[in-house]
Each structure stands twice: as C-alpha cells, then as structure tokens.
Amino acid sequence: MTARTTAHIGIEENRSHPGLAGLLGAYHLVNQSEKGATVETVAELPAVYRVEAEDPAAAFAADTVLLATPAGADAPAGCVVLKAPRESRPPEIKRLWVAPEARRKGLAKALMTEALRRAAASGAPAVRLTVWSWRDEPLALYRSLGFATVAPWDDRPDLLCLEKPLDAVERLSPEAVRAHAAGGLAALLVDAVDGGASVGFLAPLETARAAAWWSGVAEEAAAGVRDVWAAHAADGSLTGVVTLVRTGTANGRHRGEIARLLVHSSARGRGLGGRLLATAEAHAAATGLTLLVLDTQTDSPAERLYRAAGWTAAGTIPDFAADPAGTLRPTTLYYKKL
C-alpha cells in the first residue's frame with residue numbers, strides 16, 4: 001500500500017480498502033443504466049461485474065487499484081484500476097469513478113495522472129482504455145491527457161478505444177548529455193526561453209549558446225555535482241528534462257536543488273513535468289538527500305506543478321530575475337522535505 005498527497009487530494013494504492021466495493025458497485029450500476037440494462041442492486045449485476053464489487057481484492061489481485069480522497073474527507077470518493085499488461089498488450093485503465101458529490105474537485109485527473117505515472121515508471125510504451133461515446137466528460141479528460149482514438153480491439157457498438165504513447169524517462173550519463181547537448185537538450189532550452197520561461201537566459205537564445213550550457217552540465221554530471229534525466233518520445237526525440245544539483249558545502253550535503261525542469265511546448269498537458277519531478281525526487285531520497293529546494297517565477301504555471309507535488313513556498317523575492325524579454329520579475333522559493 002503506497003500513498004501520495006497533492007495540495008488537495010490524497011492518492012493511495014489499496015485494493016483491500018473497505019470503501020472500494022461501494023465505489024465499484026456504484027460505477028457498475030450507473031454503467032448498466034447507461035447501457036439500457038438497469039439493475040437496482042449489486043447482486044443483480046452480471047457476474048463479471050458483480051465479483052469486482054463483492055471482492056475487489058481478488059478481482060484485481062494482479063492490478064493496481066488507486067483511491068482518491070478529497071481534502072478534509074476521511075474516506076475515498078474516487079477510484080481507478082490500472083490493469084497489468086497481458087500478452088504483450090499495453091496496460092489498460094479501467095473503472096475510473098468519482099462519487100457525484102465529490103466531482104469538480106480534480107479527483108479524476110489526479111487518479112489518471114497517478115495511473116499514467118505508474119505505467120510509465122513500469123516501462124510501458126503506452127496505456128490504453130475504452131470509453132462509451134456518450135460519456136462526454138471522461139472523454140474530454142482523456143483527450144486532454146493525450147489519449148487518441150485508435151483501431152478498436154473491442155467491437156462493441158458505441159465503445160471507443162483510446163491509447164496514449166508514454167514518454168520514457170531515463171537518467172542521462174555525462175556522455176549522453178554531451179551527445180544531446182547541441183540537439184534535443186538545446187532545443188528544449190530554446191523552446192522554454194521562446195515561450196517566456198525565466199530559466200536564466202534572455203531571448204532570443206541561440207542554439208549554440210544553449211548547447212554550450214548543456215556541455216557545461218555534462219562536465220558537472222561527470223564530476224557528480226548534477227544528475228540529469230530526460231524524457232524520450234516514441235520517435236526518440238527529447239520531450240522534457242530535469243536536473244538535480246547537489247550542494248557542495250560540508251554542512252549542506254543533505255540538500256539538493258531542482259533546476260531546469262523543462263517540458264517542450266508540444267508535449268505539455270500530459271503530466272510529463274510531474275513525472276520528471278517525481279523521478280528526481282525519488283532519486284534524491286534514495287541517495288540520502290533529505291531536503292530539496294528550488295525557485296521559480298512567481299505566478300508562473302510551474303508554481304501550480306510544485307504546489308500540487310507537495311512543495312512548500314518559503315517566500316517571494318521581488319525583482320529577483322529578468323524574464324526572457326528583460327523585465328524584472330519576482331521569484332518564489334520552494335522547499336520539500338523528503
């Protein structure tokens with residue numbers, strides 16, 4: 001059983017939670033009604049669905065079951081199942097459900113984001129799911145997360161089959177950083193500056209200058225000062241990067257800094273920033289760091305990501321750094337205890 005907490009929602013893995021049966025039962029009763037086969041009780045459900053609601057721990061013994069609890073609540077109000085991959089097929093997301101009284105609070109997106117993160121961490125190249133064509137809100141959520149309609153593997157009428165390719169996140173060796181410096185890594189930095197991100201450079205940023213900066217990062221990686229992770233799309237192109245800088249002073253060796261978390265503009269909205277951040281955090285904790293810090297432009301989109309990932313704002317400094325256009329902007333400092 002594992003748990004993660006965002007600023008407003010608690011996510012836990014627990015196929016044996018006493019509240020799960022009720023959530024799955026409600027899901028199946030509504031699903032049957034929408035299909036025109038209404039039943040009144042779980043006992044009347046078709047056997048294949050009834051066993052899930054009656055004994056979810058057994059029904060999903062090989063799968064990952066996630067539960068979402070809203071802030072201030074003492075019981076989960078949403079669930080989703082990430083089915084284990086079978087017969088060389090990608091893992092499949094099933095049974096996404098949020099109780100009606102808990103909707104419009106971000107639970108469905110939080111559940112999907114965590115399911116996608118776990119699928120990616122397992123090395124899966126893609127995730128798939130099915131959704132009834134009349135379910136407009138779930139369909140809109142799936143499409144916003146990067147799912148696209150594909151050739152059907154289930155031929156039931158009105159059932160759409162969707163799939164999302166997953167970017168693979170891997171740690172780059174110093175040699176790999178050098179190899180990508182003038183290509184994908186430079187392109188990520190130029191794209192960020194062109195998009196207005198305050199990452200230490202003024203616009204326009206020349207590719208050669210961006211490449212030179214990454215070449216310096218390669219040397220830091222070789223010296224053990226900085227770790228680098230990059231996300232690769234299915235075609236091999238780099239879609240995101242994050243670095244972890246280790247403090248060199250004797251009294252700060254417990255501390256690290258998250259720096260240059262970049263996601264290409266073409267790859268945003270898929271939860272990639274959160275995955276890169278979580279990867280760096282997990283490595284920091286595994287290697288003995290107990291505190292992480294970072295700074296980001298105040299009121300930037302990145303702030304929402306850090307707050308959702310459990311980071312705490314320590315304070316804001318006015319006119320701390322110029323944005324790419326040269327205008328001085330405030331910066332907010334964040335920290336996270338591991």
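**Exercise 1. A residue in strand β5**

R95 is found in strand β5. Working with this predicted model, describe the backbone of R95 and decide whether R95 is buried or exposed.

*Solution.* Start with the backbone: R95 is not a glycine, yet its phi is positive, at about 60 degrees. Next, take the relative accessible area, which is 11%. Buried means under 20%, so R95 is buried.

Now compare D158, another residue that is not a glycine but has a positive phi, here about 70 degrees. D158 sits in the loop between β7 (148-149) and β8 (159-165). Its relative accessibility is 49%, so D158 counts as partly exposed.

**Exercise 2. Two packed helices**

Work out how helices α1 and α2 are oriented, and find which residues make the contact.

*Solution.* Two packed helices are described by the angle between their axes and the distance between the axes. For helix α1 (residues 20-34) and helix α2 (residues 47-54), the angle is about 155 degrees and the axes are 7 Å apart. Angles over 145 degrees count as roughly antiparallel, so α1 is roughly antiparallel to α2.

Then list the contact residues: α1 contributes A21, L24, G25, H28 and Q32, while α2 contributes Y49, E52 and A53. Sorted by class, this contact holds four nonpolar, three polar and one charged residues.

**Exercise 3. Strand β3 and its partners**

Find which strands pair with β3 and in what sense, then say how many of its residues are buried.

*Solution.* Take one partner at a time. Strand β2 (residues 9-13) pairs with β3 in the antiparallel sense over five bridges. Strand β4 (residues 78-83) also pairs with β3 in the antiparallel sense, over five bridges. A68 lets you follow both pairings: A68 is the bridge partner of I11, and in β4 its bridge partner is G78.

Turn to burial: in β3 (residues 64-70), seven of the seven residues are buried. T64, L66, A68 and P70 point one way, V65, L67 and T69 point the other way, and all are buried.

**Exercise 4. The nonpolar cores**

Identify the elements that build the largest nonpolar core, and the one that gives the largest share.

*Solution.* In soluble globular proteins, nonpolar side chains tend to be buried together. Here the largest nonpolar core has 31 residues, and I93, M112, L129, Y142 and F147 have the most contacts inside it. At least two residues each come from β2, β3, β4, β5 (92-98), α4 (107-121), β6 (126-132) and α5 (136-144). The largest share, eight residues, is supplied by α4.

For a closer look, inspect F147: beyond four places in sequence, its contacts include I93, M112, L116, L129 and Y142. Another core, of 23 residues, lies apart from the largest one; V177, V190, W214 and V241 are among its members.

**Exercise 5. The surroundings of V193**

Locate V193, classify its exposure and list its contacts.

*Solution.* V193 belongs to helix α6 (residues 174-194). With 1% relative accessibility, V193 counts as buried. Leaving aside neighbours within four places in sequence, V193 is in contact with V199, F201, L202, A203, L205 and P324.

One of these contacts, A203, takes you to a special bond: a cis peptide joins A203 and P204, with omega about -5 degrees. P204 itself is in the loop between α6 and α7.

Terms used: Residues are numbered from 1 along each chain as its sequence is written. This is a predicted model: local features need pLDDT of at least 70, side-chain atom pairs count only at pLDDT 80 or more; totals for chains, interfaces and linings use all residues. Side-chain values use heavy atoms; hydrogens and water are left out. Axes are lines fitted to C-alpha atoms, for helices over the stretch in contact, and angles run from 0 to 180 degrees between N-to-C directions. Helices (H or I, at least four residues) and strands (E, at least two) are DSSP runs, numbered from the N terminus. Angles under 35 degrees count as roughly parallel, over 145 as roughly antiparallel, 65 to 115 as roughly perpendicular and the rest as oblique. Contact means heavy atoms within 4.5 Å. Ala, Val, Leu, Ile, Met, Phe, Trp, Tyr, Cys and Pro count as nonpolar, Asp, Glu, Lys and Arg as charged, and the others, Gly among them, as polar. Buried means under 20% relative accessible area, exposed over 50%, partly exposed in between (1.4 Å probe, protein chains only). Two strands pair if DSSP finds at least two bridges between them. A nonpolar core is a set of buried Ala, Val, Leu, Ile, Met, Phe, Trp, Tyr and Cys residues joined through side-chain atoms within 4.5 Å.
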